[in-house]
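Me: Please examine the model below with me. I shall ask about its contacts, a helix and a pocket.

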Amino acid sequence: MSVLMINDIDAGLGRFGNTQVTVNNQIVVGTLMNLCDNPTRVSVGQDWREGDITHRIPIIVTGNDFSTIYAPLIRDGRMEKFYWQPTQEDIVNIVCRMYEKDGITKDEVATIVNTFPNQALDFYGAMRSRTYDQSILKWVEDSGGAEDIGRRFLRQRKKGELPVFIPPEQTVEALLESGHSLTKEQMLIMESKLSKEYMKNMDEE
């Protein structure tokens, strides 16, 4: 049994603003529409051959904004659409699996999720990564700083005295601190809007 899985199809085929449609976009859309209409017939190149018969397999695509995709491809009859909006319990369970090896309890995960509502799931993974980043930076500083670190480690390796990095012990306090740091970065990006400053002359034309 087989299945064709395409993740984030709107990132490749979607049209955002005045983005240009390429030949590759058109080929992919045309091929997918043909597979929907003739699921057992696949062309190789420009010619249709008698041997171009294949078993029908399901095609599953994921995306965030299907309104950007060529409308005939997603019309009823060609595509069966399912909308998934995770509930609070779903988010807690997913994040709980992220922190499963760190010993964070489900109640603590619920506290984290409630502290940072309306965030993408990637945000909670970034919180965990941020604690590792901070620990690695501190480990580098404790090992003598970033200057000439490669040469220093090579000398220590020859002597068999390489420093050992101990992964940080995840705590709710450390994760919350990382979360607040990430939200500050988000606010800074939203408030600065440097792209408008750089392209302010475009509005005048």
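Contacts, core, helix and pocket

Me: Leaving aside neighbours within four places in sequence, with which residues is Val109 in contact?

Reply: Contact means heavy atoms within 4.5 Å. Once neighbours within four places in sequence are set aside, the partners of Val109 are Val92, Val95, Cys96, Tyr99 and Ile104.

Me: What kind of model is this, and which atoms are left out of side-chain values?

Reply: The model is predicted: local features need pLDDT of at least 70 and side-chain atom pairs pLDDT 80 or more, while totals for chains, interfaces and linings use all residues. Residues are numbered from 1 along each chain as its sequence is written, and side-chain values use heavy atoms, without water or hydrogens.

Me: Which helices each supply at least two residues of the largest nonpolar core?

Reply: A nonpolar core joins buried Ala, Val, Leu, Ile, Met, Phe, Trp, Tyr and Cys residues through side-chain atoms within 4.5 Å; buried means under 20% relative accessible area, exposed over 50%, partly exposed in between, with a 1.4 Å probe and protein chains only. The largest core has 17 residues, of which Tyr99, Val109, Ile112, Tyr124 and Met127 touch the most other members. The helices that each supply at least two of its residues are H4, H5, H6 and H8.

Me: How many residues has the other core, which lies apart from it?

Reply: Among the members of this other core are Met33, Ile69, Leu73 and Met79. Its residues number nine.

Me: How far apart are the end C-alpha atoms of helix H6?

Reply: Helices (DSSP runs of H or I, at least four residues) are numbered from the N terminus, and the expected span is 1.5 Å times one less than the number of residues. H6 covers residues 121-142, and its 22 residues should therefore span 32 Å. The distance between its end C-alpha atoms agrees with this, at 33 Å.

Me: Against which helices do the buried residues of H6 pack?

Reply: In H6, the buried residues are Phe123, Tyr124, Met127, Arg130, Thr131 and Val140. They pack against H4 (88-98), H5 (106-115), H7 (149-158) and H8 (172-192).

Me: Which residue follows H6, and what is the approximate value of its phi?

Reply: The residue that follows H6 is Gly144. Its phi is positive, near 120 degrees.

Me: Which helix gives the most to the lining of the second largest pocket?

Reply: On a 1 Å grid over the protein atoms alone, a pocket is an open set of points where a 1.4 Å probe fits, with protein on both sides within 12 Å along at least five of seven lines; lining residues have an atom within 4 Å of a point. Gly12, Asn25 and Tyr70 are among the residues lining this pocket. H1 (9-13) and H2 each supply at least two lining residues. With three residues, the helix that gives the most is H2.
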